[in-house]
Amino acid sequence: MSRATAAPIRLDGVRKEYDGGAVAVADLSLDIEAGDLVALVGPSGCGKSTVLRMVNRLLDLSAGTIYVDGDDVMGSDPVELRRRIGYCIQHIGLFPHQTIAANVATVPRLLGWSRSRVDERVEELLDLVGLDIAVHGKRYPHQLSGGQRQRVGVARALAADPVVLLMDEPFSAVDPIARGKLQEEFLRLQADVRKTIVFVTHDVDEAIRLGDKIAVLSEEAKLEQYGTPAEILRSPQTTFVSEFVGADRGVKSLSVAKVPRVGLRAAPPGEHPHVTIHATLREALSQLLDGDTGHVTILDGRDNLGVMNTEDIYTALRASSPSTGESD
Ligand SMILES: Nc1ncnc2c1ncn2[C@@H]1O[C@H](COP(=O)(O)OP(=O)(O)OP(=O)(O)O)[C@@H](O)[C@H]1O
Ligand SMILES: [Mg+2]
């Protein structure tokens, strides 16, 4: 198929006033590149869900324009638009009286796909999110765990191969451990399918882990900062952002900064624990602390690039800061 698998989204001066005059979104502009996962974070009631629902036109805009793949959503046929946009609703929203397989098949069926093509797609998607069609396909939503239901929600949203995926707190209903696993699987999935994803969460750690970029919103969807996780952590631009990302942002930064490729010191004799060149500083530090030599080796394939000690990790962390000449 020649059709793009991911599309850019552009919000330009977007405003939403609900009936009765409540302003949920005052004036929001945001550019989202095709294939990026953007996490919208912000406190409860700041307008995150409202923004998502305007993108797929479940809500009309009061002012401004939203473009999906260059098309003004208000000028698009809503049905056609929603076919191109997968949507995971806050609180899951599976159809309770339909089996898991039927839930996932919803949109392909609406699109009139043949029975065999729908069946194939459902199996493929359940497999993709780590569920076995033979075990789970015939069950009903209440017969799955919360985490499994959320995976079905993701599979259903992906079913018709949308160019955009909107996810409203898709992992909020599960415990932290299951959540970590879901996030890991989701990252793997995104590496495969590479959709443009707008992902709402109020969990900063989740945003850091999953987002290519993070948009931090305050009341009325005011854009406090928009940048990569590293940028947000290293140089929060407003008090709101620094308070929102939390006091332990130094530690969080370790999880987003990669080990350096150059400037490593020569390995002293002995067996050191190692990480690959793709590791984060946090992984390097954790390996270092697991060993007893005070060093961690950085490997690129079979090449030994050198070692780091704790001081080097600290220096690398500071060097990873996108801000320049900062004195903190
Ligand atoms: N149908 C509605 N009519 C009037 N006001 C609404 C409506 N839906 C939402 N609001 C208000 O708009 C604001 C934004 O709501 P929204 O659901 O977008 O917030 P949110 O950031 O998604 O919050 P949460 O994190 O709790 O899900 C809130 O103040 C809410 O009360
Ligand atoms: Mg919401």
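## Around V198

Not counting residues up to four places away in sequence, V198 touches I9, I32, V38, L40, L52, V55 and L166; a contact here means that two C-beta atoms, placed from the backbone, lie within 7 Å. This is a predicted model, so to speak of local features pLDDT must be at least 70, side-chain atom pairs count only at pLDDT 80 or more, and totals for chains, interfaces and linings use all residues. Residues are numbered from 1 along each chain as its sequence is written, while chains are lettered from A and ligands numbered from 1 in the order in which they are written.

V198 is also one of the residues, with V55 and V104, that touch the most other members of the largest nonpolar core, a set of 84 residues. Such a core is made of buried Ala, Val, Leu, Ile, Met, Phe, Trp, Tyr and Cys residues joined through C-beta atoms within 7 Å. As for the burial term, a residue is buried with 20 or more other C-beta atoms within 10 Å of its own, exposed with 12 or fewer, and partly exposed in between, with C-beta atoms placed from the backbone. In soluble globular proteins, nonpolar side chains tend to be buried together.

## Two domains

The chain splits into domain 1 (9-246) and domain 2 (257-319), with bounds that come from an automatic or database domain assignment. Their C-alpha centres are 36 Å apart. Even so, the largest nonpolar core takes at least three residues from each of the two domains.

## The ligand shell

Twelve residues surround ligand 1, and Y18, A24, S44, S49 and T50 come nearest; a residue is near if its C-beta atom, placed from the backbone, lies within 6 Å of the molecule. Helix 1 (residues 48-55) supplies the largest share of this shell, three residues. Helices (H or I, at least four residues) and strands (E, at least two) are DSSP runs, numbered from the N terminus.

Sorted by class, the shell has four nonpolar, seven polar and one charged residues. For this count, Ala, Val, Leu, Ile, Met, Phe, Trp, Tyr, Cys and Pro are nonpolar, Asp, Glu, Lys and Arg are charged, and the others, Gly among them, are polar.

## The open sheet and D69

An open sheet of four strands runs in the order 2-1-4-5, with antiparallel pairing. Strand 2 (23-32) and strand 5 (71-72) sit at the edges with a single partner strand each, so one side of each has no neighbour in the sheet. Pairing takes at least two DSSP bridges between two strands, and strand 4 (residues 63-68) and strand 5 have two, in the antiparallel sense. Y67 has D72 in strand 5 as its bridge partner.

Between strand 4 and strand 5 there's a loop, and D69 is in it. D69 isn't a glycine, yet its phi is positive, about 55 degrees. Most residues other than glycine have a negative phi. With 18 other C-beta atoms within 10 Å, D69 is partly exposed.

Past strand 5, S76 lies in the loop that leads to helix 2 (78-83). S76 is partly exposed too, with 18 other C-beta atoms within 10 Å, and its contacts, leaving aside neighbours within four places in sequence, are D71 and L81.

## Strands 6 and 7

Strand 6 (residues 85-88) sends I85 and Y87 one way and G86 and C88 the other, and all are buried. Four bridges pair strand 6 with strand 7 in the parallel sense; across them, Y87 has L166 as its bridge partner in strand 7.

E169 belongs to the loop between strand 7 (164-168) and helix 8 (176-193). Here is another non-glycine with a positive phi, about 45 degrees. E169 counts as buried, with 20 C-beta neighbours inside 10 Å.

## Two hairpins

Strand 9 (residues 213-218) and strand 10 (residues 222-227) run antiparallel and are joined by five bridges, with I214 opposite G227 in strand 10. Three residues lie between the strands of this hairpin, where E220 takes a positive phi near 60 degrees.

Strand 12 (residues 296-300) and strand 13 (residues 303-308) are also antiparallel, over five bridges. D300 has D303 in strand 13 as its bridge partner. This hairpin has two residues between its strands, and G301 in the turn has a positive phi of about 60 degrees.
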